[in-house]
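Biologist: I would like to learn how to read aromatic pairs and strand pairing in a model. Could you take me through them slowly?

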Amino acid sequence: MVQPLNYFKETASQTAGPYVHIGLAPAYAGFDIFEKNFSNVVAGPNTKGERIKIEGRVFDGTGTPVRDVLLESWQANSEGKYNHPEDTQQKPVEEDFRGWGRICSDFDSGIYTIETIKPGQVPGRNGKIQAPHISLWIVARGINIGLQTRLYFSDETAANASDPVLNLVEQESRRKTLIAERSERDGEIVYTFDIYLQGENETVFFDV
């Protein structure tokens, strides 16, 4: 007979900060301890596709930028294939396309940037095609469990309308919190994606 373990007390929760950068992205904190540092550059110079920059800030419940946030990004290449052995699609993937990045916000301005290419469409569950998107994981001091969200592109209106994940968000007005706005600056394509942890414009987060 299995005895209940009700004599154990709940372990105290612990946030990811303030030393998250030293352990996960030491170069941002001024430490050179990894042979190969992870960075905000997801696609190398030989990766095919439209080159883009993503930038934004993460805001707390008071509307103040979080200046020590860390994000991880995960995406497919322009052909819609992930650089991962579990993606068995018969599509090419470039050697210099890592497909994921580890990004820290600027400690002064709170702005984060990702240098990459625009991803292609990928099949989801049951083979349903998903709109181009980038998955994001967010941690910072004060966050007990990393937050999962997605970034979609404002110029993919038709694909977004049929995306099976976006359509899981029942309130259409809330879907807008997952859309990055496209602009052009000095000949460079920039998508702006601000993340709101709480408040009126709170970003949609996923329980995965």
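Modeller: We shall begin with the aromatic rings and then turn to one strand and its partners, keeping in mind that this is a predicted model.

Biologist: What describes a pair of aromatic rings?

Modeller: A pair of aromatic rings is described by the distance of the centres and the angle of the planes. In this structure there are three aromatic pairs. One of them joins Trp74 and Tyr82, whose ring centres are 5.8 Å apart with 5 degrees between the planes, and this pair is stacked.

Biologist: Are Trp74 and Tyr82 buried or exposed?

Modeller: Trp74 has a relative accessibility of 28% and therefore counts as partly exposed, whereas Tyr82, at 17%, counts as buried, because buried means under 20% relative accessible area.

Biologist: Why is the pair of Phe153 and Tyr191 described as edge-to-face?

Modeller: The planes of Phe153 and Tyr191 stand at 80 degrees, with the ring centres 4.8 Å apart, so the pair is edge-to-face; planes over 60 degrees apart are counted in that way. This pair links distant parts of the chain, since Phe153 belongs to strand S8 (residues 147-153) and Tyr191 to strand S10 (residues 188-192), 38 residues apart. Phe153 counts as buried because its relative accessibility is 0%, and Tyr191 counts as buried at 0% relative accessibility.

Biologist: Which residue lies over the face of Trp100?

Modeller: That residue is Arg98, which lies at 5.9 Å from the ring centre of Trp100.

Biologist: Turning to the strands, why is strand S1 described as largely enclosed by the rest of the structure?

Modeller: Strand S1 covers residues 51-59, and seven of these nine residues are buried, so the strand is largely enclosed by the rest of the structure.

Biologist: In which sense do S1 and S4 pair, parallel or antiparallel, and over how many bridges?

Modeller: S1 and strand S4 (residues 111-117) pair in the antiparallel sense over seven bridges, and within S4 it is Ile114 that stands opposite Ile54.

Biologist: In which sense does S1 pair with S10 and with S11, parallel or antiparallel?

Modeller: With S10, the strand that holds Tyr191, S1 pairs in the parallel sense over four bridges, and Val190 in S10 is the bridge partner of Lys53. With strand S11 (residues 195-196), S1 pairs in the parallel sense over two bridges, and here Phe59 stands opposite Tyr196.

Conventions:
Residues are numbered from 1 along each chain as its sequence is written. This is a predicted model: local features need pLDDT of at least 70, side-chain atom pairs count only at pLDDT 80 or more; totals for chains, interfaces and linings use all residues. Side-chain values use heavy atoms; hydrogens and water are left out. Rings of Phe, Tyr and Trp (its six-membered ring) pair if their centres lie within 6.5 Å; planes under 30 degrees apart count as stacked, over 60 as edge-to-face and the rest as tilted. Buried means under 20% relative accessible area, exposed over 50%, partly exposed in between (1.4 Å probe, protein chains only). A charge sits over a ring if NZ of Lys or CZ of Arg is within 6 Å of the ring centre and within 35 degrees of the ring normal. Two strands pair if DSSP finds at least two bridges between them.
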